[in-house]
Amino acid sequence: MYIEEVCVTNLRSFKKKKISFKEGINILYGPNGSGKTTFLEAISLLSLGRSFKTNKATDYISREESFYNISGKTNNNTKVEIKGQKNKKAVFVNSEIIKKISDHIYFLPTIINTPDETVLEGKNNFNRNKNINKNIILIEPKMLKTIKDFSTILKQRNSSIKQREDFFIWNPQLIETSKKIWDQKNIYEQKINNEIIKITQKHNINKETKIKIKGITENKKDIESLLYKSKEKDIFKNTTTVGPHKDKIEYLLNGDEIKNKASQGERSVFFSILKKAESMLINKDSKKEPIVLLDDILSKLDNNNTSLVLDIFKNNKQTIITHTEKINFPNVNQIKIDE
Ligand SMILES: Nc1ncnc2c1ncn2[C@@H]1O[C@H](COP(=O)(O)OP(=O)(O)O)[C@@H](O)[C@H]1O
Ligand SMILES: [Mg+2]
């Protein structure tokens, strides 16, 4: 499935704007501030029911307006719509309301290189962990409940810590859900790295590209002892300092974290490979091919790497790449945004 048409009302700088997309690679181009990222945000709102940039609707509702509306039409003539105001929103598929937005993510899966994930995250890899959780849920739907349970328990435990209550009563449930998440993360890490190897081999890329999830603890006794050891630290920091939410996710190019050594162009190639691997894995395990959204991935690339990235996504059902200029490559659908 791919998206043929997206129409937004009162979204950031747009009062009303409609863009048509095609199957295959789409280059959405236009000057800075013309609303390219806003359109990717619109598609990810249709897909996930939330923005990849912010959790506050007031950020993306056009200034001075009180509501927004996004609608998309897929190639099989399904209409997806999100209607929202400052504090509420509703998702519709063919005009029928979706009762649980979290169940909706299987309908129109998307992959995106979010700025927060790409830009060098600090010590807490919040966005990288969030991205991996989203992919794990797409691959293994039963994990939706586990991940939700984990975050509820974590919130309750953190609130107990703050109120100086006995927060260890939450440990058994925290250990149970942490173990399930870590088991899945372990599998995910292996699978994603396998897909990456396939891509680098196919395209003769001779730089070792991989991700590493640091912190995975699969044995319940070990998790328990981690929680014991960090008791004082948890009280001192007023929060739970160990668990899958604290995993460190490293993006490695030839053994070094990309933030330390890779050039900007190398990072863009790295993210192209990673996003392609994510789309292959989700396609394989969930039988649904995600739409790939690549924000500004070509801007630091020379001609060879531009053609490499286009080649990597050549056979995907649909890829939407934002860029400031039209590009000089065949077989891509070029869309000028301010037309
Ligand atoms: N809530 C808002 N209301 C009105 N305009 C907004 C709002 N949020 C962002 N903008 C404006 O919309 C534009 C966003 O463009 P963006 O999609 O990031 O452009 P591009 O990706 O093409 O560079 C910017 O000019 C920004 O100032
Ligand atoms: Mg942009």
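**Exercise 1. Find which residue of β13 is the bridge partner of V292, and follow the chain from β12 to β13.**

Solution. In this predicted model, V292 has T319 as its bridge partner in β13. The chain passes from β12 through helix α12 (residues 303–312) before it reaches β13, and this β-α-β crossover is right-handed. The pairing of β12 with strand β13 (residues 318–323) rests on three bridges, and the two strands run parallel. A further partner in β13 can be named for L294, namely I321. Turning to strand β8 (residues 110–112), one finds three bridges to β12, again with the strands running parallel, and here I111 stands opposite V292.

**Exercise 2. Determine in what order the strands of the open sheet follow one another, and which of them stand at the edges.**

Solution. The open sheet is formed by five strands in the order β8-β12-β13-β3-β14, with parallel pairing. Because β8 and β14 (333–336) each have a single partner strand, they stand at the edges, and one side of each is left without a neighbour in the sheet. From one strand to the next the twist averages 20°. As for the side chains of β12 (residues 291–294), I291 and L293 point one way while V292 and L294 point the other way, and all are buried.

**Exercise 3. Decide which residues of β9 lie on the covered face, and identify the partner of K214.**

Solution. Strand β9 (residues 209–214) has T209, I211 and I213 on the covered face, whereas K210, K212 and K214 belong to the uncovered one. Its pairing is with strand β10 (residues 248–253), to which six bridges join it in an antiparallel arrangement. Within β10, K248 is the bridge partner of K214.

**Exercise 4. Classify the aromatic pairs Y60 with Y68 and Y251 with F270 from their ring geometry.**

Solution. A pair of aromatic rings is described by the distance of the centres and the angle of the planes. The whole structure contains seven aromatic pairs. For Y60 and Y68 the centres are 5.2 Å apart and the planes stand at 90°, so this pair is edge-to-face; both residues are buried. For Y251 and F270 the centres are 5.5 Å apart and the planes lie at 35°, so that pair is tilted. The latter pair links distant parts of the chain, since Y251 belongs to strand β10 and F270 to helix α11 (residues 264–286), 19 residues apart. Both Y251 and F270 are buried. In addition, R128 lies over the face of Y251, at 4.0 Å from the ring centre.

**Exercise 5. Establish where S95 and D296, which have a positive phi, are found, and whether each is exposed or partly exposed.**

Solution. Most residues other than glycine have a negative phi. S95, although not a glycine, has a positive phi of about 70°, and its place is in the loop between β6 (89–93) and β7 (96–97). With a relative accessible area of 59%, S95 is exposed, the cut-off for that class being over 50%. D296, likewise not a glycine, has a positive phi of about 60° and is found in the loop between β12 and α12. Its relative accessible area of 40% makes D296 partly exposed.

**Exercise 6. Decide whether Q184 is buried or exposed, and list its contacts beyond four places in sequence.**

Solution. Q184 is found in helix α7 (residues 171–202). Its relative accessibility is 15%, so Q184 counts as buried, the limit being under 20%. Once its neighbours within four places in sequence are left aside, Q184 is in contact with I136, E140, K142 and M143.

Note on methods. Residues are numbered from 1 along each chain as its sequence is written. Chains are lettered from A and ligands numbered from 1 in the order in which they are written. This is a predicted model: local features need pLDDT of at least 70, side-chain atom pairs count only at pLDDT 80 or more; totals for chains, interfaces and linings use all residues. Side-chain values use heavy atoms; hydrogens and water are left out. Buried means under 20% relative accessible area, exposed over 50%, partly exposed in between (1.4 Å probe, protein chains only). Helices (H or I, at least four residues) and strands (E, at least two) are DSSP runs, numbered from the N terminus. Two strands pair if DSSP finds at least two bridges between them. Contact means heavy atoms within 4.5 Å. A crossover is right-handed if, with the strands pointing away from the viewer, the path from the first strand over the helix to the second runs clockwise. Axes are lines fitted to C-alpha atoms, for helices over the stretch in contact, and angles run from 0 to 180 degrees between N-to-C directions. Rings of Phe, Tyr and Trp (its six-membered ring) pair if their centres lie within 6.5 Å; planes under 30 degrees apart count as stacked, over 60 as edge-to-face and the rest as tilted. A charge sits over a ring if NZ of Lys or CZ of Arg is within 6 Å of the ring centre and within 35 degrees of the ring normal.
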